[in-house]
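Let's take a walk through this one together, starting inside and working out through the packing, the rings and the charges. Have the viewer open as you read.

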Amino acid sequence: MMLLDIFDPKAKPRPIGIDLGTTNSLVAYVRDGRPETIADCDGSALVPSIVHYARNGAVIVGDRAKRLAEAHPQETLVSVKRFLGRGADDPETRRLGPYAFLPREAEGPDVVRFSVHGKAITPVEASAEILRNLKELAEEELHSVGGVVITVPAYFDDGQRQATKDAAKLAGLRVLRLVNEPTAAALAYGLDAKRDGLFAVYDLGGGTFDVTVLVLDDGVFQVKSTGGDSALGGDDMDRLLADELATVFGLTEEVRKKPAVVRVLLDLARATKHRLTDAEAVTVPNPFVDAPASAATVTRERFDVLVKPLLERTGKACRRAVRDAGVEVGELDGVILVGGSTRVPYVRSYVEALFGQAPLGDIDPDQVVALGAALQAHQLEGEGEKEEILLLDVLPLSLGIEVGGGVVDKILPRNTTIPTASKSVYTTQEDGQTGFVLHVVQGEREIASDCRSLATFTLAGIPPMAAGMARLEVTFRVDVDGLLTVEAREQTTGKEQHVDVKPSYGLDDEAVERMLLDALDHGEADLRLRRLLENRVEAGRLAKATQKAIVVDADLLEAGEKEGIEAALAALLASTAGDDASKIKFRMDELDAATKGFAAARMNRAIATAIAGKDVGSIEATVEAALGIEEAHARHGAR
Amino acid sequence: MPTPFALFGLPATFALDLKVLERAQRELGKTIHPDTASDPSERRALAEQSTLANEGYRALRDPVTRAELLFQLAGVATGDGHEPKPTAAFLMDMLEKREALAEARTSKDRATVEALAAEIRAQRNDAEAALAALFSGVLPSPLDAQPALVHLGSLRYYRRFLEEATATLDEWDDA
């Protein structure tokens with residue numbers, strides 16, 4: 001019977017869900033209406049996310065690769081997800097690890113490249129090997145695999161999501177959807193227990209941390225906010241503990257840096273961490289010769305002290321996500337724990353203290369994400385009952401464009417429900433400007449250079465106009481898969497540009513995981529800097545418009561008025577050289593007062609001229625030109 | 001094209017319970033989310049509808065954009081050049097409060113930031129209540145919209161102020 005099944009050419013393709021994790025990966029499917037994971041021949045559903053490249057060209061994935069890691073530390077890639085979608089100079093490449101990296105290529109995309117047997121291996125390629133292995137595992141069980149839902153950390157940015165999709169493509173999988181890990185977990189919980197209410201999902205995995213606040217209501221999963229850190233997880237606990245062990249063993253700096261030593265230390269640290277889940281203290285024999293200490297004892301108390309700073313980073317993200325959701329911690333009906341790292345006792349007590357209630361943990365935190373992914377795949381392939389479940393997810397990080405002075409104008413704020421779109425209108429800063437450069441960024445910081453740069457493109461060929469006359473309408477569109485497209489249109493000429501945003505990996509090598517925390521750390525400096533830059537740009541615009549006006553309409557100036565305006569202008573320009581935003585504003589107000597009568601006279605003339613010419617189009621244009629000063633004045637007040 | 005109010009089955013008024021709006025979003029999602037269809041062209045059409053609905057949801061959530069929508073429905077232009085200028089007294093008051101906020105931020109004076117935010121929040125609530133009253137019956141005609149436009153202008157200042165105050169408090173909470 002079994003054999004017949006295997007060779008049945010008419011086997012119906014079955015949808016699957018894959019949790020592509022930092023430490024372990026799983027594949028699951030829905031059988032008789034219930035999700036279950038698929039185990040390998042050893043009976044384990046957890047496939048270590050480890051890829052070994054043998055000298056003879058063979059690629060080995062999973063447990064067998066894990067056993068080769070110690071002997072071949074540089075040819076065995078562990079935790080490759082931490083490098084996915086990141087640039088060659090990402091800080092992750094400089095953290096404790098045994099790998100050799102190749103420098104950035106002059107041509108080609110800026111991605112991390114491992115050096116393995118002298119060949120370049122990218123994180124996308126290594127991830128594809130893991131996915132291919134899971135696909136084969138599923139094929140053994142289901143005979144034919146259909147569409148797949150792959151989960152990603154909610155906090156993954158566009159670049160990391162795109163890289164995940166690319167890996168799936170390389171592995172020959174048809175991706176139905178990328179679903180956020182906490183949302184998938186909530187799906188498994190919600191459907192399992194038929195619970196409704198307001199929930200927080202705390203997802204601490206091997207390499208990433210997510211927190212999501214969502215409402216479950218009759219099969220609808222409405223995400224209200226999400227936050228996290230895409231470079232924070234159990235691996236970081238291991239690194240801290242590995243450093244500690246190396247110190248207690250008395251290893252020299254030189255020995256500590258050897259790839260094989262690093263691999264052994266990290267594995268020892270991980271094993272010690274696991275044992276500390278049940279034991280109060282663990283004694284680790286020193287496996288290294290030529291080291292003074294024969295063993296190291298780590299207490300749970302010491303471990304807790306080591307990892308406390310990591311947990312405090314998760315706490316920050318949680319508090320913010322709750323605030324962003326517009327709810328109070330006390331309103332939460334439950335807290336769901338996801339990810340292997342939530343087995344650490346200190347993590348559980350920390351979460352309990354943070355949310356004021358004992359977290360739920362009745363579904364295996366290692367499996368829950370894959371189970372949710374399977375449910376969603378089942379639904380998307382039209383196998384479930386219609387309207388049974390629906391995920392309303394959000395954009396994790398704000399999207400915007402760079403405007404004058406390097407400031408970010410946010411077009412779509414974080415936590416906007418997707419799919420979504422938003423329009424904004426911009427204008428030129430210079431007279432005769434015939435093109436716009438649009439720089440698309442993602443992140444929470446106020447200054448563009450501090451955010452992740454996604455794309456830069458140009459809208460050219462606009463006829464020269466006076467500054468402020470062109471009207472550029474920019475539309476951001478985020479589809480149900482979370483992917484961004486940008487359209488730009490100059491309204492007076494109808495000139496258009498449409499761009500599918502393919503992230504320019506690492507154009508800005510500031511890592512996305514740092515962006516939000518940085519925004520919090522520098523919030524005050526940001527606001528001050530932003531106000532200063534805005535005021536400078538505004539002052540420049542105002543000065544230019546005024547200088548032009550007093551030349552063009554010189555005859556409208558009353559005796560002595562010109563001198564007053566020029567004095568105010570000079571004072572304003574002098575103030576822009578300084579760093580005091582409020583001083584610039586004060587000088588703008590002064591200039592405002594000095595030009596009041598003149599502006600009114602110009603307005604009257606513009607209207608009179610236009611009416612005399614009987615040209616409606618030019619009436620509007622002229623009035624608008626005359627309004628330049630007025631608008632600029634009004635603008636720095638109300639926004 | 002239906003207005004966001006009509007889309008969510010809500011009356012076109014300023015007073016709005018956000019929990020009711022959220023529930024309406026979930027209900028609407030059940031019928032127009034692209035995942036509810038399998039045919040590609042139907043999915044595309046639903047994706048477009050969902051995008052509009054989510055834009056509408058965002059506009060209704062924010063009191064400033066909600067008021068702007070109501071003015072638009074009433075045929076009243078808003079924005080730079082269309083709204084009455086705030087009075088000198090109002091501007092002076094806001095200027096002083098912003099300076100006080102900046103000072104409190106520099107001197108890490110939490111109590112003052114909270115007090116200022118509470119004061120502005122009370123003023124905002126008053127402006128929202130006034131707008132709710134003005135928008136409760138028939139939408140204002142362009143001729144009698146001035147009082148409501150003044151409140152809208154004030155709301156913009158309050159929103160900006162509270163954003164800055166909240167950002168400051170968030171940062172201290174996290175430290």
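Which residues does A:Met237 touch, not counting residues up to four places away in sequence? Keep in mind that this is a predicted model. The contacts of A:Met237 are A:Leu204, A:Lys273, A:Phe303, A:Val307, A:Leu310, A:Leu311, A:Val344 and A:Val347. A:Met237 also belongs to the largest nonpolar core, which has 50 residues; along with A:Tyr202, A:Leu265 and A:Phe355, A:Met237 touches the most other members. The top contributor to this core is helix H9 (residues 300-324) of chain A, with 9 residues. Apart from that core there is another, of 45 residues, and its members include B:Tyr57, B:Ala59, B:Leu70 and B:Ala148.

Now for the rings. There are 13 aromatic pairs over all chains. Take A:Tyr99 and A:Phe114: their ring centres are 5.3 Å apart and their planes sit at 75 degrees, over the 60 degrees needed, so this pair is edge-to-face. A:Tyr99 lies in the loop between strands E7 (76-78) and E8 (114-116) of chain A, while A:Phe114 is in strand E8 of chain A, so the pair ties together parts 15 residues apart in sequence. Both A:Tyr99 and A:Phe114 are buried. Ring pairs join these two with A:Phe83 and A:Phe101 in a cluster. Over in chain B, a charged residue meets a ring: B:Arg66 lies over the face of B:Phe14, 5.0 Å from the ring centre.

On to salt bridges, which number 56 over all chains. A:Lys273, one of the contacts of A:Met237, turns up again in a salt-bridge network with A:Arg82, A:Glu92, A:Arg95, A:Asp235, A:Asp236, A:Asp238, A:Arg239 and A:Arg270. A:Arg445 and A:Asp450 pair up at 2.9 Å, N to O, and both are buried.

A:Lys585 and A:Asp589 form a salt bridge too, with the closest N and O atoms 3.0 Å apart. Both lie in helix H15 (residues 581-594) of chain A, 4 residues apart, about one turn of the helix. A:Lys585 has 22% relative accessibility, so A:Lys585 counts as partly exposed; A:Asp589, at 29%, is partly exposed as well.

In chain B, the closest N and O atoms of the B:Glu83 and B:Arg156 salt bridge are 2.6 Å apart. This pair links distant parts of the chain, 73 residues apart: B:Glu83 is in the loop between helices H4 (63-73) and H5 (88-106) of chain B, and B:Arg156 is in helix H7 (residues 146-174) of chain B. B:Glu83 is buried at 17% relative accessible area, and B:Arg156 is buried at 13%.

Key:
Residues are numbered from 1 along each chain as its sequence is written. Chains are lettered from A and ligands numbered from 1 in the order in which they are written. This is a predicted model: local features need pLDDT of at least 70, side-chain atom pairs count only at pLDDT 80 or more; totals for chains, interfaces and linings use all residues. Side-chain values use heavy atoms; hydrogens and water are left out. Rings of Phe, Tyr and Trp (its six-membered ring) pair if their centres lie within 6.5 Å; planes under 30 degrees apart count as stacked, over 60 as edge-to-face and the rest as tilted. Helices (H or I, at least four residues) and strands (E, at least two) are DSSP runs, numbered from the N terminus. Buried means under 20% relative accessible area, exposed over 50%, partly exposed in between (1.4 Å probe, protein chains only). A charge sits over a ring if NZ of Lys or CZ of Arg is within 6 Å of the ring centre and within 35 degrees of the ring normal. A nonpolar core is a set of buried Ala, Val, Leu, Ile, Met, Phe, Trp, Tyr and Cys residues joined through side-chain atoms within 4.5 Å. Contact means heavy atoms within 4.5 Å. A salt bridge is a side-chain nitrogen of Lys or Arg within 4 Å of a carboxyl oxygen of Asp or Glu.
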